[in-house]
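Ready for some practice in reading a protein structure? Keep the picture open, try each task yourself, and then follow the worked solution.

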Amino acid sequence: MSEFEVITLGVGDAFSEIHRPTALLLISDGFHLAIDCPDMYRAVLKDAAGRSGRPIDLTKIDHFLITHIHGDHMNGLEGVAFFKHFAENKRVQLLSVPEVREVIWSERLKGSMEQLWNGKEYRSLTFDDYFMFTPLDWGSITNIGPFHIQVRRTKHHIPTCAVRIIAKGRVLGYSCDTAFDPELIQFLEPAHLIIHETNLGPAHTDYTSLAALPADLRERMRLIHYPDTFNSKTSTIQVMNEGEVLHV
Ligand SMILES: [Zn+2]
């Protein structure tokens, strides 16, 4: 068994009727690192466990890297943090770039999480009651368990990071949400496995730009975050499928 695996939790976009939103689970040396956290996260894990034949559940995952605060990438975080708080008496190990940390509590989570009632009285809580934070600083490498993580800003509506993640000398590159960007392709190019998004609109990457890349690059590339209408049969780059386990 490879020592750096990617379990495909979801491959769809925010509008999909047939797919879970795009999310990955990286495993090396038994250490789990979740990339993004869509809605109904425990159901997402259960689906992927069923499809992959792997025993995956939330009690094994403490580390979450959130690439940006669009809902399809982080709507599950509130439920995960409540689960860790109430069911496991733990905090979520949260990793993000500084721009995401700046707003993830104050503009996404605070309203529903800052107050708890114990049946008699209300208690005020803060970000630090639910989360342990590790910043992913632009231009430096962050080490978490067996993973070494580099981030790069993408071309998207709001601050978003692509990642290059190394474990066991193997390199995963993931574009996250982005318009087509030749400089980002250069950042991802050294990876043994490149996961790239494709979708519609100015803030996403059109398939034709990726199809025009050199063959040796396309052979190491897999597509994710594709629309329901995407024709995987005619695509010259293989799509990822939910529950699929990739070896980096
Ligand atoms: Zn997005």
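**Exercise 1. Find out which elements the buried residues of helix H4 pack against.**

Step 1. Locate the helix in this predicted model. H4 covers residues 98-113, which is 16 residues.

Step 2. Pick out its buried residues, which are Val100, Ile104 and Met113.

Step 3. Look at what surrounds them. The buried residues of H4 pack against helix H3 (77-87), strand E5 (92-96) and helix H5 (127-130).

Step 4. Now check the form of the helix. From first C-alpha to last, H4 reaches 21 Å, close to the 22 Å expected at 1.5 Å a residue. H4 also bends by about 50°, and the bend is at Ile104. Ile104 is also one of the buried residues from Step 2.

**Exercise 2. Describe strand E2, its pairing with E1 and E3, and the turn that follows it.**

Step 1. Begin with burial. E2 spans residues 23-28, and six of its six residues are buried.

Step 2. Sort the side chains by direction. Ala23, Leu25 and Ile27 point one way, while Leu24, Leu26 and Ser28 point the other way.

Step 3. Find the partners. Strand E1 (residues 5-10) pairs with E2 in the antiparallel sense over five bridges. Strand E3 (residues 31-35) also runs antiparallel to E2, and five bridges join E3 to E2.

Step 4. Follow one residue across. Leu25 has Ile7 opposite it, and Leu25 also stands opposite Ala34 in E3.

Step 5. Move on to the hairpin of E2 and E3, where two residues lie between the strands. Asp29 is found in this loop, and its phi is positive, about 55°, although Asp29 is not a glycine.

**Exercise 3. Compare the surroundings of two residues with positive phi, Asp29 and His225. Which is buried and which is exposed?**

Step 1. Recall the background. Most residues other than glycine have a negative phi.

Step 2. Check the angles. Asp29 has a positive phi of about 55°, and His225 has a positive phi of about 60° although it is not a glycine.

Step 3. Place His225 in the chain: it lies in the loop between E14 and strand E15 (245-247).

Step 4. Count neighbours. The cut-offs are 20 or more other C-beta atoms within 10 Å for buried, and 12 or fewer for exposed. Asp29 is exposed because it has 11 other C-beta atoms within 10 Å. His225 has 29 other C-beta atoms within 10 Å, so His225 is buried.

**Exercise 4. Work out the strand order of the open sheet that has six strands, and name its edges.**

Step 1. Read across the sheet. The order is E9-E10-E11-E12-E13-E14, and the pairing is mixed.

Step 2. Identify the edges. Strand E9 (142-144) and strand E14 (221-224) each pair on one side only.

Step 3. Note the turn between neighbours. On average, neighbouring strands of this sheet are turned by 20° against each other, direction ignored.

Step 4. Zoom in on one pair. Strand E11 (residues 161-167) and strand E12 (residues 170-174) run antiparallel and are joined by five bridges. Here Val163 stands opposite Tyr174 in E12.

Step 5. Visit another strand, E13 (residues 193-197), which holds Ile194. Ile194 counts as buried because it has 25 C-beta neighbours inside 10 Å. Leaving aside neighbours within four places in sequence, Ile194 is in contact with Gly173, Leu188, Arg220 and Met221.

**Exercise 5. Explore the largest nonpolar core, and then a loop residue, His156.**

Step 1. Look for the best-connected members. Of the 64 residues in the core, Leu26, Cys37, Phe64, Ile66 and Ala162 touch the most other members.

Step 2. Ask which element gives the largest share. That is E11, with six residues.

Step 3. Inspect Ala162. Not counting residues up to four places away in sequence, its contacts include Val151, Tyr174, Leu184, Phe187 and Leu188.

Step 4. Turn to His156, in the loop between strand E10 (147-153) and E11. His156 counts as buried because it has 22 C-beta neighbours inside 10 Å.

Step 5. List its contacts. Not counting residues up to four places away in sequence, His156 touches His68, Asp177, Thr178 and Ala203. The C-alpha atoms of His156 and Pro202 are separated by 8.4 Å, though these residues are 46 residues apart along the chain.

Methods:
Residues numbered from 1 in each chain as written. Predicted model: local features only at pLDDT ≥ 70, side-chain atom pairs only at ≥ 80, totals over all residues. Helix = DSSP H or I, 4+ residues; strand = E, 2+ residues; numbered from the N terminus. Pairing = 2+ DSSP bridges. Axes fitted to C-alpha atoms, helices over the stretch in contact; angles between N-to-C directions. Contact = placed C-beta atoms within 7 Å. Expected span 1.5 Å × (residues − 1). Bend = angle between axes of the 7 residues up to and from the residue. Core = buried A, V, L, I, M, F, W, Y, C linked by C-beta atoms within 7 Å.
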